[in-house]
There are 2 protein chains.
Amino acid sequence: MATTTRPTLTDIEQARERIAGYARVTPVYGSDSLSRRVGRRVALKAENLQRTGAFKVRGAVNKLSTLAAEQRAAGVIVASAGNHGQAVAWAARELGISATVFMPQDAPMAKVDATRNYGAATVLAGAGFDEALVEALARAEETGATFVHAFEDETVIAGQGTIGLELVDELPEVGTFVLPVGGGGLAAGIAIALRARRPGVRIVGVQAGKTGRGTIADGIAVKHPGELTMAILEELLDDLVHVEDEEICEAITLLLERAKLVVEGAGAASVAALLTGKAGGDGEVCALLSGGNIDPTLLISVMRHGLTVAGRYLVVRTRIADSPGALVELLELVAAERGNVVSVEHHREGMALHVGETEVELTVVTRNDDHCSELCAALDQRGYPLERLG
Amino acid sequence: MATTTRPTLTDIEQARERIAGYARVTPVYGSDSLSRRVGRRVALKAENLQRTGAFKVRGAVNKLSTLAAEQRAAGVIVASAGNHGQAVAWAARELGISATVFMPQDAPMAKVDATRNYGAATVLAGAGFDEALVEALARAEETGATFVHAFEDETVIAGQGTIGLELVDELPEVGTFVLPVGGGGLAAGIAIALRARRPGVRIVGVQAGKTGRGTIADGIAVKHPGELTMAILEELLDDLVHVEDEEICEAITLLLERAKLVVEGAGAASVAALLTGKAGGDGEVCALLSGGNIDPTLLISVMRHGLTVAGRYLVVRTRIADSPGALVELLELVAAERGNVVSVEHHREGMALHVGETEVELTVVTRNDDHCSELCAALDQRGYPLERLG
């Protein structure tokens, strides 16, 4: 199923012509506050603003455009519950090709709906991704439809590589490029284009999460580079670093608050590598935001977590007398310290409390870490026993 | 303090030259899912991606660029706890002019910090905006610094009008433009440019919130058009409509989820007017997203509310036996209906419960309204008494 030929600069230049009018040339933004945080000029390539919300349409359009007439007539098949499936569905509709997307049975309904809304047939098959893949390959075999792999395909890689050509035009001064690595097609394609056109730049790949457990950066965590992509990355990357979920949460929150951009976990990994200094190099740096398809309920959790880490939420447990006025007294003290209480929870059961005492858990919006510490110190000084939860 | 001359197309064209290299030419995005929802092609002008996160830098740069040398030397003063203050601070730094920003004493620290980070001096003066304004005007009088009004100023209005020139270039096919109206400078400037270059288009202004009470769209709710801007709007707008907070919440959530853009309340009002059909007209329509400066803790509340309205959260109260296994039974039923439980709260006190009974409040992530109804029906069928809270 996988091709083992590596795309050339010419392949990528041809891809650029093919995808013009389908994929967007995405904008690049400088960010003052991110630059200040990181200590070097930071440019963000906003591929989250790409059609379908991720870079994958580039490879999908390039692949589908190069199919012969009889292949187009037979349609395409993919196995994906994510961005690749949506991108192929979208590209197929644009090019008048029928697409069938296989997903695991427990795929989130939002993703199934999005894929259907782009006009693809969806098949929920198998307990996990591997089972869905087996079914998809069998169906392709049966029907003569073309199976489109997400990254082990030179034409797909060439499509993703068009980002590299845009970067060369958009950021002539930048010396370091930080790219997320999942299956590796994105980073491989961009690296080929950059090495050919700007040989001396530093190119860093970023992987996220641990194998075998869930992560916020699900788009890159569940995948490993393939043979083809890994061979390219080993040759062309200067470094391959890892970031943790915690670091990605902070990056997502920062991008949202400062750059006004919604970015999914995998899409924020590059910024996490900058914030932690793992990206290395010096001078102006470009972080690729690969996609923005994050479930809003997950985004809420990530933001709450990111804000807590940044000292913008304080979650603190204390004990007060179980009598009229005691809670008011506590809350007045918090207000005097200019903390904005967003939730108050009382706990009276299952704990080693004195009779006539109640436990209270407060969630307070704060300015930053220092403000959290000041607020805690003020409570402590007034004799409130404190257990800080976040 | 206010000038009463109305800017001309020539003023706006000159402003465009002055702000080039400072303000960004912001991108325009089509949105498939928004277009489907609204039933007509929708283009979004993403002024939330403007420098400092809002359109205000256009007017600020234009105004400060036109000051004479001695005026520049004396510096500028503004009264604003929001986008205008940040924009003038940023423009002043870029142009090497000193800026002082007056804010009410209770201005959010995040806004004070942002303004300071752009290099302005900040003065916290007075209980509310009006008091801060009085202090700012007095200081300008004393020091000879130039007071820069947010909208009652023809040079500021001409700066905001540059968006209109960009729209003419970017969206030659669009027949309806929907613009937020706060102080009115933005809509007035754009309307002058559009009427001059594309006289036949429909231009709709959108106001949000009620006078005298807080609103999510604080950027446009606390302001009223001035004399100069109102005179322009009365002549040039085809319609002026109102949207409610509820509608703005939904628009913010939709922009975040589908367009991957963070937009503040005032910035989403135009999309709210489209979603509710209040904008009127037919054919392709452009909604101006005026800014993205929303506090992330507020954004979390807005998203939770927006998702609840859209049926993506179900908050439901029921009663179960206060005995081992009862909660598991309830949660298994919810899981079987593919609801994803995000919080479980027990209430045992202060309620008319039978002995041996406990009240449980569940928050469940759901797909849509239909899914909420199905889940409720399943619980009802199994005999759980239900009170739906969201």
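This report walks through the chain pairing, the interface and some salt bridges of a predicted model.

## How the two chains are related

Let's start with the symmetry. A turn of 180 degrees with a shift of 0.1 Å along the axis lays chain A on chain B, and the RMSD is 0.1 Å. That is the relation of a two-fold axis. If you would like to find the axis in your viewer, look for A:L261: in chain A its C-alpha is the nearest to the axis, at 2.6 Å. Both copies use the same surface, since 100% of the contact residues of chain A recur in chain B.

## The interface

How many residues of each chain are in contact with the other? On chain A there are 40, and they are in contact with 40 residues of chain B. Together the two chains bury about 3,400 Å², with 58% of that area on carbon and sulfur atoms. Three residues stand out on the side of chain A: A:K260, A:P296 and A:I300 supply 19% of the area that chain A buries against chain B, more than any other three residues.

Polar and charged pairings are also found here. The rule finds ten residue pairs in polar contact across the interface, both residues at pLDDT 80 or more. The elements of chain A that give two or more residues to this side are β1 (28–30), α2 (32–38), α5 (83–95), α6 (109–117), α12 (245–259) and α14 (296–309). Of the elements, α14(A) gives the most, with seven residues. Sorted by class, the side of chain A that touches chain B has 17 nonpolar, eight polar and 15 charged residues. There are four salt bridges between the chains, and B:R312 and A:D295 meet through their side chains in a salt bridge, at 3.8 Å from N to O.

## A buried asparagine in chain B

Now for a closer look at one residue. B:N83 is found in helix α5 (residues 83–95) of chain B. Is B:N83 buried or exposed? Its relative accessible area is 14%, so B:N83 counts as buried, the cut-off being under 20%.

The side chain of B:N83 makes a polar contact with the side chain of B:N293, at 2.7 Å. Leaving aside neighbours within four places in sequence, B:N83 is in contact with B:A54, B:K56, B:E264 and B:N293.

## Salt bridges within the chains

Over all chains, a search of the whole structure finds 42 salt bridges. In one of them, A:R317 pairs with A:E359, with the closest N and O atoms 3.6 Å apart. A:R317 lies in strand β11 (residues 313–321) and A:E359 in strand β13 (residues 357–365) of chain A, so this pair ties together parts that are 42 residues apart in sequence. A:R317 is partly exposed at 23% relative accessible area, whereas A:E359 is buried at 8%.

In chain B, B:E235 forms a salt bridge with B:R6, and their closest N and O atoms are 2.9 Å apart. Helix α11 (residues 227–236) holds B:E235, while B:R6 lies in the segment before α1 (9–19), so the pair ties together parts that are 229 residues apart in sequence. B:E235 is exposed at 53% relative accessibility, and B:R6 is partly exposed at 32%. Another pair in chain B is B:E94 with B:R93, whose side chains meet at 3.7 Å, N to O. B:E94 is partly exposed at 37%, and B:R93 is partly exposed at 35%. Back in chain A, salt bridges that share partners join A:K45, A:E47, A:R58, A:E166 and A:E170 into one network.

Key
Residues are numbered from 1 along each chain as its sequence is written. Chains are lettered from A and ligands numbered from 1 in the order in which they are written. This is a predicted model: local features need pLDDT of at least 70, side-chain atom pairs count only at pLDDT 80 or more; totals for chains, interfaces and linings use all residues. Side-chain values use heavy atoms; hydrogens and water are left out. Contact means heavy atoms within 4.5 Å. Buried area is the accessible area (1.4 Å probe) that two parts lose on being put together, summed over both. A polar contact is a pair of N or O atoms within 3.5 Å; within protein, one must be able to donate a hydrogen and the other to accept it, and residues adjacent in sequence count only if both atoms are side-chain atoms. Helices (H or I, at least four residues) and strands (E, at least two) are DSSP runs, numbered from the N terminus. Ala, Val, Leu, Ile, Met, Phe, Trp, Tyr, Cys and Pro count as nonpolar, Asp, Glu, Lys and Arg as charged, and the others, Gly among them, as polar. Buried means under 20% relative accessible area, exposed over 50%, partly exposed in between (1.4 Å probe, protein chains only). Copies are superposed by least squares on the C-alpha atoms of residues with pLDDT of at least 70 in both.
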